[in-house]
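Student: Hi! Could we go through this structure together, one question at a time?
Tutor: Happily, here it is.

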Amino acid sequence: MTARQSCWYLPVATSLLGGCGWHQSVLNPEGQEALRLAQLAWLLFGFGAAVLAIVILAAVAAVRGPEPVRAVLASARMVVWAGIFFPAVALTGLLGYGVWVTRASIADPGDGGQLRIVVTGEQWWWRVHYPQGAGPAIETANEIRIPVGRSIQFELRSADVIHSFWVPNLGGKVDMIPGRTTFLRLGADREGVFRGQCAEYCGGPHALMALEVIAMDSAAFDGWLQNQTRLASDPGSAIARRGRELFLGAGCGACHTVRGTAAGGTIGPDLTHLGARRSVGVDTAALSEASIARFIREGQHIKPGNRMPPFRIFAPDDLHAVATYLAALR
Amino acid sequence: MSKQATRRLPRIAAWLVSGAAGLAVALFVFAWSGIYNVAASSGHWAAIDWFLAFGMRNSVSLRAKAITAPKLDDPNLIRLGAAHFHGGCAFCHGAPGIPVSPIARHMLPSPPDLATSMRPWTDEELFWIVKHGIKYTGMPGWVALERADEIWAVIAFLKRLPELDAKSYRALALGDVELAGQSGQALATVESNPQGAGACARCHGAESSGPTSALVPILHGQPPEFLMAALREYADGSRSSGIMQPLAADLGGQDVERLAAYYANLVPKRTPSTTGTRPSERGRALAREGDPANAIPACDACHGRDGLARYPRLAGQNAAYMAGQLRLWAAGHHASTGGGAIMAPIARRLSEPDIEAVTAYFAALASEPAGAKP
């Protein structure tokens, strides 16, 4: 065999390797809901493969088989039983099984007592709200922290167009529809960071509208939640204080909230604890002073089409001061 | 076609090709020899003069057919056009009481004295000429082609020009500014010409008088950082304006700082709002709270008392000027400047009624000098 002959299938075979990643894969369930979906998927794959094998065998037999077999395959009874009755029964059964398996993922909105998280899809980021009853509202963006092993009730909303909430490792995909609230129950069985993605084209930088679900152990989660209820910390250094002054003077507060300051805008993400997040600009850059500064100045290059205008008006020192202030908001 | 004629075709084509080639060679030899006299002083032969003017008229009128003039009777538009005409056009084209400069008169063709002998162009033809200029005449195109609004101001003024005498022209073009006669020493030693000295004040006013046109911003009391940034953006063309760019580009050395400091320290003067629109609840809401549902931030966050000195203050500003700027941003103009990059996406989210409401709100506010804040 020559090298030329042996290589023809490689491009096809290697392109299939793209499906082997752990990230965002429904075949790697990390929560009970995802596990049930994976079971359902494997059952469907297996059943479909079996039906396909039978069809191929029947096709071969119908052409090459002995006369009596061909007579059976060509009969009207074969068409009625294998062509009408079998698909109707099999598909109805599978539908029933599918609904039964996923019944727990379609959360009952009336169920109180459990952890509720409201996620609102906006062009092109995720507003994440933890209702606290009488306590202070907690709002963050683009990352959702959950405790391991608990089933979380998500309320999904949209502020503008249809988005779709999908964290493949943890569960199914549910659309966020303007004017309606949809529900989803998710949970993670182990600690980890699970990537999600808007799964309904929503314009412009839709492809960069990602999110992360961060599953933490219960105690760490409670600590995080406690920290989130606090107002923004006071800047510790002179440069951060100058950063705060510039942040407010430049009008950032018209769109962003930093609880505990005059900045109370609701158009963009709440930045009260920006420094405690993992990324800037919806998962487009790991969080650091440099990436905050870059997003303020070149946000339209990092995430083209996003709603935040580029603030090129800052002198380098001033930009550094603003980024220092924001990164220190932990 | 007969067989005979078909046979003669190649020969005719050969004659035509060699004729054209011969003509091209002859023209080249003519230009190469230097026989043709390019002197402006000698003028054109009458026949050539007629031929060139004939071609120019037809070219302008053909190209102007695609243009439709807006309403041009707004006094604000006429005053703005007059002030620009005085600085930008009168040197070559004269004005009532101002003769064409002798230097300009010795150009070929010599520019027409518009005060006394303007050809009966239509508004659209004038617009095309002012916008694009005319080849081989010395008439330049508009510095910022996208600023049709500025060009129409000049046309609005040109329509009024025939009925102006020297006194009414000066009132229109120079506004309230009194140009004190310069001393003999100043005339002898100062480089800038006395027309240029009053260039800013012609449109923006000075001391206690504000702009004569509501299309021109009030600079009195604006933060110096904002004024300097605007002048630099005009000078490098990133903020496009056929009126401001030539003036700003002329400023050298410390001129920008000094000018900015001058206007920043003037006390803002209330100029009554000329829009006739009463400030509405919607205007107040946009300015103070914005419209979060439509991703419109509150204007006051940047343009209020506590905003950076890099931002203009809007209280008491001319509504027509502000609305014009918002429309320019919404149309995608000067969005590459620091401030424009921030304002352009916001302006695009404002509807036309929003623009009118919010500019009327700010125009009706009492202005406060930026200097009042540290």
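Student: How many residues of domain 1 of chain B are in contact with domain 2 of chain B?
Tutor: Contact means heavy atoms within 4.5 Å. On the other side, domain 2 of chain B takes part with 18 residues. For domain 1 of chain B, the number is 17 residues.

Tutor: A word on the source: this is a predicted model, where local features need pLDDT of at least 70, side-chain atom pairs count only at pLDDT 80 or more, and totals for chains, interfaces and linings use all residues. Residues are numbered from 1 along each chain as written, chains are lettered from A and ligands numbered from 1 in the order written, and side-chain values use heavy atoms, without hydrogens and water.

Student: Where do the two domains of chain B lie in the sequence?
Tutor: The bounds come from an automatic or database domain assignment. Domain 1 of chain B covers 45-174 and domain 2 covers 199-374.

Student: What area do domain 1 and domain 2 of chain B bury between them?
Tutor: Buried area is the accessible area (1.4 Å probe) that two parts lose on being put together, summed over both. Carbon and sulfur atoms hold 63% of it here. The total is about 1,500 Å².

Student: Which three residues supply 32% of the area that domain 1 of chain B buries against domain 2 of chain B?
Tutor: This trio supplies more than any other three residues. They are Asn76(B), Leu80(B) and Arg147(B).

Student: What area is buried between chain A and chain B?
Tutor: Here 16 residues of chain A are in contact with 21 residues of chain B. Carbon and sulfur atoms give 69% of the buried area, which is about 1,300 Å².
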